[in-house]
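Welcome, and please open your viewer. We will go from stop to stop, selecting a few residues at a time and looking at what sits around them.

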Amino acid sequence: MGHFRTHRLGELTWTEARDAAAQNPIVLLPSGAIEQHGSHLPLNEDAITAEWVSEYIAAHLETPVLVAPTLSYGHSPIFDGFAGTLNLSFETLQAVLFEVMDSLVKHGFRRIVIVNNNGGNQASAAHAAEQLRAKYGVLVGSVYPWGIGYRVMRDLYEDPATAYGHGSEPEHSAMLAMFPELVQSQLITDGGLAPFEGWTPTNYTEGAIPGTVESGTLYWDFSDVAPSGVTGNPRLGSAELGAEWIKRVAHDVCLGFVAEFERNTANALWARA
Ligand SMILES: [Zn+2]
């Protein structure tokens, strides 16, 4: 911050972007999804949260950083059973991520970190980054705030085994802290997994194998096993837990990763145009 007129790449003019590239800043690329998160949270949650975390990083990093316009659409086929879920195919998302990053590199922005907040986007992002590395030798970074949260917040979960999921306490809490005006806590419905065609789901992608502690993967729709769209217990959510999520996830890990990316890539040969 403070190095450019604005850190939002889309708000620069082309001449300002040209001059900014000469300073070799990291560019953050927020990537989200438009998918269901229960009856109390908005469809665009992953996209606005990716952007929020990117803005947070830009506000706290001491070296130049730009935030590219958010890629709101993502890959969420597992939620096709819920109205309003807008899905790009794996191939389309991979192509879009690659082509946006390819454009950045062509214009001199060679240090890119994807702030991806949808698990369904991870494989597309990985393939796009591999393509970019093969073409230009650049090393792309990526952080996944929701995924990080499930690891670094475990000691605060009432039941870590069921906390992971959609619309449950972790998402509800983080959204209360970041976007309280978009949360409708009064509309929370009970979450949980329901038996499906003889299967006993152990989470929303796996069914129990009787007589063992193992589960097998099943490519069912989320709505097959969690009709309300929610797993875990969203009623445990609070703005206080969300504030802790911001500290541990956005500050300690995501900001920490980008700061480390800055240190380790500033003088890399591939980072020089
Ligand atoms: Zn999501």
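In what order do the four strands of the open sheet stand, and is their pairing parallel or antiparallel? The order is 2-1-3-4, and the pairing is parallel. Before you zoom in, two notes on the ground rules. This is a predicted model, in which local features need pLDDT of at least 70 and side-chain atom pairs count only at pLDDT 80 or more, while totals for chains, interfaces and linings use all residues. Residues are numbered from 1 along each chain as its sequence is written, and side-chain values use heavy atoms, with hydrogens and water left out.

**Stop 1: the parallel sheet**

Helices (H or I, at least four residues) and strands (E, at least two) are DSSP runs, numbered from the N terminus. Two strands count as paired if DSSP finds at least two bridges between them. Select 65–67 and 141–143 to see the edges: strand 2 and strand 4 each have a single partner strand, so one side of each is left without a neighbour in the sheet. On average, neighbouring strands of this sheet are turned by 25° against each other, direction ignored.

Now add residues 111–116, which are strand 3; this strand pairs with strand 4 in the parallel sense over three bridges. Show valine 115 as sticks and you will find valine 143 of strand 4 opposite.

Helix 2 packs on the sheet, where it touches strand 1 (26–31), strand 2 and strand 3. Contact here means heavy atoms within 4.5 Å. The direction of helix 2 makes about 160° with that of strand 1; axes are lines fitted to C-alpha atoms, for helices over the stretch in contact, and angles run from 0 to 180 degrees between N-to-C directions.

**Stop 2: aspartate 46**

Stay with helix 2 (residues 45–60) and pick aspartate 46. Which side chain of opposite charge is nearest to aspartate 46, and how far away is it? It is arginine 151, 15 Å away, and aspartate 46 is buried yet has no salt bridge. Buried means under 20% relative accessible area, exposed over 50%, and partly exposed in between (1.4 Å probe, protein chains only). A salt bridge is a side-chain nitrogen of Lys or Arg within 4 Å of a carboxyl oxygen of Asp or Glu. For charge, Lys and Arg count as positive and Asp and Glu as negative, with His and the chain ends not counted.

The side chain of aspartate 46 does make polar contacts, one with the side chain of histidine 37 at 3.1 Å and one with the side chain of tryptophan 146 at 2.8 Å. A polar contact is a pair of N or O atoms within 3.5 Å; within protein, one must be able to donate a hydrogen and the other to accept it, and residues adjacent in sequence count only if both atoms are side-chain atoms. Leaving aside residues up to four places away in sequence, the residues that aspartate 46 touches include Ser31, Gly32, Asn117 and Asn118.

**Stop 3: aspartate 221**

Next, select aspartate 221, in the loop between strand 7 and helix 8 (222–225). This aspartate is buried and has no salt bridge; arginine 235, the nearest side chain of opposite charge, is 21 Å away. Look instead at the backbone: the side chain of aspartate 221 has a polar atom 3.4 Å from the backbone nitrogen of aspartate 80, and reaches the backbone nitrogen of glycine 81 at 3.3 Å. Among its other contacts, not counting residues up to four places away in sequence, are Pro77 and Phe82.

**Stop 4: the antiparallel sheet**

Strand 7 leads us to an open sheet of three strands, in the order 5-6-7 with antiparallel pairing. Strand 5 (201–203) and strand 7 (215–217) are the edge strands, each pairing on one side only. The twist averages 40° from one strand to the next. Two bridges join strand 5 to strand 6 (residues 206–208), and proline 201 stands opposite glycine 207 in strand 6.

**Stop 5: salt bridges**

How many salt bridges does the structure hold? There are 12. Start in helix 9 (residues 239–265), where glutamate 260 and arginine 263 lie three residues apart, about one turn of the helix. Their closest N and O atoms are 2.9 Å apart. Glutamate 260 is partly exposed at 35% relative accessibility, while arginine 263 is exposed at 55%. Finally, select Arg8, Glu11 and Glu55, which salt bridges with shared partners join into one network. Within that network, the closest N and O atoms of arginine 8 and glutamate 11 are 3.9 Å apart.
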